[in-house]
Amino acid sequence: MGVGIIGINRFVPERVVTNKDLEKILDTSDEWIRTRTGIEERRIADDDTNTSDMAYEAARKAIDDAGITALDLDLIIVATVTPDHPFPSVACMIQERLGAKNAAAMDISAACAGFMYGIITGKQFIETGTYKHVLVVGVEKLSKIVDWSDRNTAVLFGDGAGAAVLGEVSEGRGILSFELGADGTGGKHLYQDEHIIMNGREVFKFAVRQMGESSVNVLEKAGLRREDVDYLIPHQANIRIMEASRERLELPVEKMSKTVDQFGNTSAASIPISIVEDIQAGKIKDDDVIVMVGFGGGLTWGAICIKWGR
């Protein structure tokens, strides 16, 4: 039995904040941001829209895409570092709003690698036969923990949500291999105090090394070669980090997802948002071999090799 994504969708706030907008409040420039990060704009949620609201909208649409109802869900996993409250969890909040009364619910915290952690956690429950349908949501309202006077971090982040329903898929499709990891000794380089604090140089070095290594590792675990990869979906943190992963897999530019220019770094939401954008653009097709890879605070990382399709 293969376990894969049988439904997926996303939600992003309407408000667009461009680099030009940030020039008005920070000592920075559009050119500086674009050349160093690849970001041109990001979405920022208004004060009345919280993490659970975005998670609910993405989840509702993903359930519809899967062709099931909320009552069919057995488990809801929400990956976020910006919950509405310490408790109840965002998962419990959207369980109520969705009417998913048969589902267990929990949040997990692995920062930008959270969606990968959520997908692999959900996969285990389905493979063991314990559950049939698991909803995984990656969602962040990073705008509420960003220091808008810090030009090194304020330009990077955006808000949004992506949701996927996991279930049994046809023979040969689904998750082929994965890798999850953590290095707590690097936690001091990326953490939240009152705001996001980041040692950009150290995080960059870690990400370039780990994203490339993890991408290669999941291919080897799946018994595949670089030339077997149809598409790479890296965490949308920084175009230079993303390009390093692409080059490690020796892929042409057109085989790498790039949404960082539109949405910035949305942490746990970035990979599912990218998947939806790429499906809509016709870049992901059934039976494509896809590598998804991310890294985040913790420090954490995760990679998945998946053969796309239901």
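In the predicted model, V276 counts as buried, because its relative accessibility of 5% falls under the 20% limit for that class. V276 belongs to helix α10, which spans residues 270–280. When residues up to four places away in sequence are set aside, V276 touches I8, N9 and R10. F157 stands 119 residues from V276 along the chain, and the C-alpha atoms of these two residues are separated by 19 Å.

Burial was also examined for a whole helix. Helix α8, formed by residues 239–248, has 7 of its 10 residues buried and is therefore largely enclosed by the rest of the structure. The buried residues of α8 are I239, I241, M242, E243, A244, S245 and R246, a set that includes the charged side chains of E243 and R246. The surroundings against which the buried residues of α8 pack comprise three helices, α2 (30–37), α7 (200–221) and α9 (260–263), together with the strands β11 (231–234) and β12 (289–296).

Charged side chains were considered next. A search of the whole structure returns 15 salt bridges, among them the pair formed by R97 and D53, in which the closest N and O atoms are 2.8 Å apart. Because R97 lies in helix α4 (residues 90–98) whereas D53 lies in helix α3, this pair ties together parts that are 44 residues apart in sequence. Both partners are partly exposed, R97 having a relative accessibility of 39% and D53 one of 23%.

Another salt bridge joins the side chains of D21 and K24, with an N to O distance of 3.9 Å, a value that lies within the 4 Å limit applied to such pairs. The two partners fall into separate accessibility classes: D21 is partly exposed, with a relative accessible area of 30%, whereas K24, at 68% relative accessibility, counts as exposed. In the salt bridge between R225 and E227 the closest N and O atoms are 3.6 Å apart. Here R225 counts as exposed at 52% relative accessibility, and E227 likewise counts as exposed, at 56%. In addition to these pairs, R173, D286 and D287 are linked in a network of salt bridges.

Charges without a salt-bridge partner also appear on the surface. E14, D46, D47 and D48 gather there in a patch of negative charge. One member of this patch, D46, is found in the loop between β3 (41–43) and α3 (51–66), and D46 counts as partly exposed because its relative accessible area of 44% lies between the 20% and 50% limits.

The backbone was then inspected for unusual geometry. Most residues other than glycine have a negative phi, and most peptide bonds are trans. Against this background, the peptide bond from F87 to P88 is cis, with omega near 5°, and P88 is located in the loop between β4 (75–79) and α4. A cis peptide bond also joins G298 and L299, where omega is about -10°; L299 is placed in the loop that runs between β12 and β13 (300–307).

Positive phi values in residues other than glycine were found at S267, where phi is near 55°, and at D287, where phi is about 75°. The place of S267 is in the loop between α9 and α10, while D287 is situated in the loop between α10 and β12. The accessibility of these two residues was assessed as well: S267 is buried, with a relative accessible area of 3%, whereas D287, at 36% relative accessibility, counts as partly exposed. D287 thus combines a positive phi of about 75° with a place in the salt-bridge network that also contains R173 and D286.

Terms used
Residues are numbered from 1 along each chain as its sequence is written. This is a predicted model: local features need pLDDT of at least 70, side-chain atom pairs count only at pLDDT 80 or more; totals for chains, interfaces and linings use all residues. Side-chain values use heavy atoms; hydrogens and water are left out. Patches are made of residues with over 30% relative accessible area and no salt bridge: like charges are joined within 9 Å, nonpolar side chains (Val, Leu, Ile, Met, Phe, Trp, Tyr) within 5 Å. Accessible areas come from the Shrake-Rupley method with a 1.4 Å probe; for residues, only the protein chains shown count as cover. The place of a charge is taken as NZ of Lys, CZ of Arg, CG of Asp or CD of Glu. Helices (H or I, at least four residues) and strands (E, at least two) are DSSP runs, numbered from the N terminus. Buried means under 20% relative accessible area, exposed over 50%, partly exposed in between (1.4 Å probe, protein chains only). Contact means heavy atoms within 4.5 Å.
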